[in-house]
Amino acid sequence: MPLVNGRYGPKNPAWLLAGQPAGLFRENFTRHNVLNDGGVLTTQIMLATALPLYAGDVVTSLTFASGGTAAGTPTNWWFALYSDDTTPALLGQTADQLTAAWAGSTAKTVPLASPVTITRTGVYYAAVMVKATTVPSLVGLATLTGAVTGITTGDKTLTTVSGSALTGTAPATIASPSVSAFVPRVVAT
């Protein structure tokens with residue numbers, strides 16, 4: 001039910017600005033908050049960013065957008081969705097995009113191999129990994145490490161990096177993550 005009595009609009013403005021997409025539309029923050037073009041990716045290292053999802057959501061695709069730097073000679077790249085567990089577990093992955101181009105200033109929407117039904121409301125993690133001679137930059141928000149890890153008890157970490165020497169398959173969990181001070185924008189549909 002829309003919150004109209006408290007002077008709230010009957011529709012979500014972010015959804016309206018996104019062109020009123022049919023089906024699921026979840027984002028970690030609106031595109032109004034995209035302020036930076038970050039060279040945050042390292043070849044063969046996974047970057048995972050917090051993404052609020054709600055019980056009953058069915059995630060079929062993930063979208064990340066490159067900044068001004070394109071992927072140069074990619075050999076593997078994929079997106080993945082991880083659970084809201086203390087040690088996030090892999091829920092779904094896209095096909096390895098192998099040598100497919102990822103131009104600069106380009107949003108890439110890639111379907112998961114199978115739709116993922118969210119069973120409980122929580123903060124999940126959307127991940128991206130690129131193995132390339134030059135990894136693409138991502139659009140998002142540069143912040144301070146303290147803001148990424150949180151300032152109150154219970155705050156969720158916004159972005160982490162993990163893994164090494166990754167190629168075509170996402171790891172089973174996000175294990176031993178390190179904090180990243182750049183939060184890329186991600187959209188789940």
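## Salt bridges and backbone turns

User: What is the relative accessible area of Arg 26?

Analyst: This is a predicted model, where local features need pLDDT of at least 70, side-chain atom pairs count only at pLDDT 80 or more, and totals for chains, interfaces and linings use all residues. Residues are numbered from 1 along each chain as its sequence is written, and side-chain values use heavy atoms, leaving out hydrogens and water. Buried means under 20% relative accessible area, exposed over 50%, and partly exposed in between, with a 1.4 Å probe and protein chains only. Arg 26 is partly exposed, at 26%.

User: How many salt bridges does a search of the whole structure find?

Analyst: A salt bridge is a side-chain nitrogen of Lys or Arg within 4 Å of a carboxyl oxygen of Asp or Glu. Searching the whole structure for such pairs gives four.

User: Which residue forms a salt bridge with Arg 26?

Analyst: The closest N and O atoms of this pair are 2.8 Å apart. The partner is buried, with 6% relative accessibility. It is Asp 57.

User: How many residues apart in sequence are the parts that Asp 57 and Arg 26 tie together?

Analyst: Helices (H or I, at least four residues) and strands (E, at least two) are DSSP runs, numbered from the N terminus. The salt bridge joins Asp 57 to Arg 26. Asp 57 sits in the loop between strand S3 (46-53) and strand S4 (58-65), and Arg 26 in strand S1 (residues 26-27), so the parts tied together are apart in sequence by 31 residues.

User: Is Asp 84 buried or exposed?

Analyst: Asp 84 meets Arg 120 in a salt bridge, 2.8 Å from N to O. Asp 84 lies in the loop between strand S5 (72-82) and strand S6 (90-93), and Arg 120 in the loop between strand S7 (107-117) and strand S8 (122-134), 36 residues apart. Arg 120 is partly exposed at 41% relative accessibility. At 17%, Asp 84 counts as buried.

User: Which residues are joined into one network by salt bridges that share partners?

Analyst: Arg 120 also forms a salt bridge with Asp 85, with the closest N and O atoms 2.5 Å apart. Asp 85 is in the loop between S5 and S6, so this pair ties together parts 35 residues apart in sequence. Asp 85 is partly exposed, at 34% relative accessibility. The network consists of Asp 84, Asp 85 and Arg 120.

User: What is the phi of Gln 20, about how many degrees?

Analyst: Gln 20 is in the loop between helix H1 (13-17) and S1. Gln 20 is partly exposed, at 48%. Although Gln 20 is not a glycine, its phi is positive, at about 55 degrees.
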